[in-house]
Amino acid sequence: MPSDARILIVDDHVDTLYALESALAPLGYRVTRATNGDAALKEVLRGQVGLLLLDVRMPKVSGLDVVRYMRRVEQTQHIPVILLTGFGIDAELTSAAFALGVADLVTKPVDPWALRTKVRYLYNAHQRSRTLEQEVRTLRARLKEGAAPPARALPHPEPRLPGQRDDHATEPPRAPTSARDDGRT
């Protein structure tokens, strides 16, 4: 696994949590779970969540409410979310979900093969994004500190490169400048 980030699965039905864990097990990612929206938000805010599989309809705090909150917090706004629904997908749900930046909307029961493909892609893309963001932060910090720019290529240690003509060593003899100098009288 590329990092220590976890996949958080959230559903208020324990049997669904077990099914999702079983479907994701072959990927080898660390999986944690929550049974309601409040617990999901607490886990996400603790950090190290690389992807969220989230049931839409849960008591008190719905899946859409969780996503709305996550998108307002800088540390969680870019975590990919796959919403799960057992009630079918309608235009209103689709519109609300994608307006919040949800990566996908999946109906239950979930096809394990399709879910693994989506999770692998989204998780790895998120990890690459986090790695690039960290590199950018590191480079910006170095620039602010006044760190020296990256070293330039050093000049070749031999001033005369192989195949380069040395004008002084192979200079042809000069032509005579006057009649006296050319050996004729």
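These exercises work through the strands, crossovers and main pocket of a predicted model.

**Exercise 1. Strand pairing**

Task: Work out which strands pair with β3, and in which sense.

Solution:
- Start with strand β1, residues 6-10. β1 and β3 pair in the parallel sense, over five bridges.
- Fix the register with one residue pair. R6 has V49 in β3 as its bridge partner.
- Turn to strand β4, residues 81-85. Four bridges join β4 to β3, and the two run parallel.
- Fix this register too. D55 has L84 in β4 as its bridge partner.

**Exercise 2. Burial of β3**

Task: Decide whether strand β3 is largely enclosed or not, and say why.

Solution:
- Take the cut-off: a residue is buried when its relative accessible area is under 20%.
- Apply it to residues 49-55, which form β3. Seven of the seven are buried.
- Conclude: β3 is largely enclosed by the rest of the structure because its seven residues are buried.

**Exercise 3. From β3 to β5**

Task: Follow the chain through β4 to β5 and give the handedness of each β-α-β unit.

Solution:
- Take β3, helix α3 (residues 63-72) and β4. They make a right-handed β-α-β unit.
- Continue with β4, helix α4 (residues 91-99) and β5. This β-α-β unit is right-handed.
- Check the pairing of β4 with strand β5, residues 104-107. The strands run parallel and are joined by four bridges.
- Locate one pair in this register. L83 stands opposite L105 in β5.

**Exercise 4. A glycine before β5**

Task: Place G101 and classify its exposure.

Solution:
- Find the element. G101 lies in the loop between α4 and β5.
- Read the relative accessible area of G101, which is 42%. Buried ends at under 20% and exposed begins at over 50%. G101 is therefore partly exposed.
- Look for a residue distant in sequence. V81 is 20 residues away from G101 along the chain, yet the C-alpha to C-alpha separation is 8.1 Å.

**Exercise 5. The largest pocket**

Task: Describe the largest pocket by volume, central residues and lining.

Solution:
- Begin with volume. The largest pocket has about 460 Å³.
- Go to the centre. Of the 20 lining residues, Q75, H126, R130, E133 and R137 are the closest to it.
- Assign the lining to elements. Helix α5, residues 112-144, gives the largest share, with eight residues.
- Sort the lining by character. Four residues are nonpolar, 12 are polar and four are charged.

Conventions: Residues are numbered from 1 along each chain as its sequence is written. This is a predicted model: local features need pLDDT of at least 70, side-chain atom pairs count only at pLDDT 80 or more; totals for chains, interfaces and linings use all residues. Side-chain values use heavy atoms; hydrogens and water are left out. Buried means under 20% relative accessible area, exposed over 50%, partly exposed in between (1.4 Å probe, protein chains only). Two strands pair if DSSP finds at least two bridges between them. A crossover is right-handed if, with the strands pointing away from the viewer, the path from the first strand over the helix to the second runs clockwise. On a 1 Å grid over the protein atoms alone, a cavity is a set of points where a 1.4 Å probe fits but cannot get out, and a pocket is an open set with protein on both sides within 12 Å along at least five of seven lines; lining residues have an atom within 4 Å of a point. Grid points are joined across faces, edges and corners, and a volume is the space filled by probe spheres set on the points. Ala, Val, Leu, Ile, Met, Phe, Trp, Tyr, Cys and Pro count as nonpolar, Asp, Glu, Lys and Arg as charged, and the others, Gly among them, as polar.
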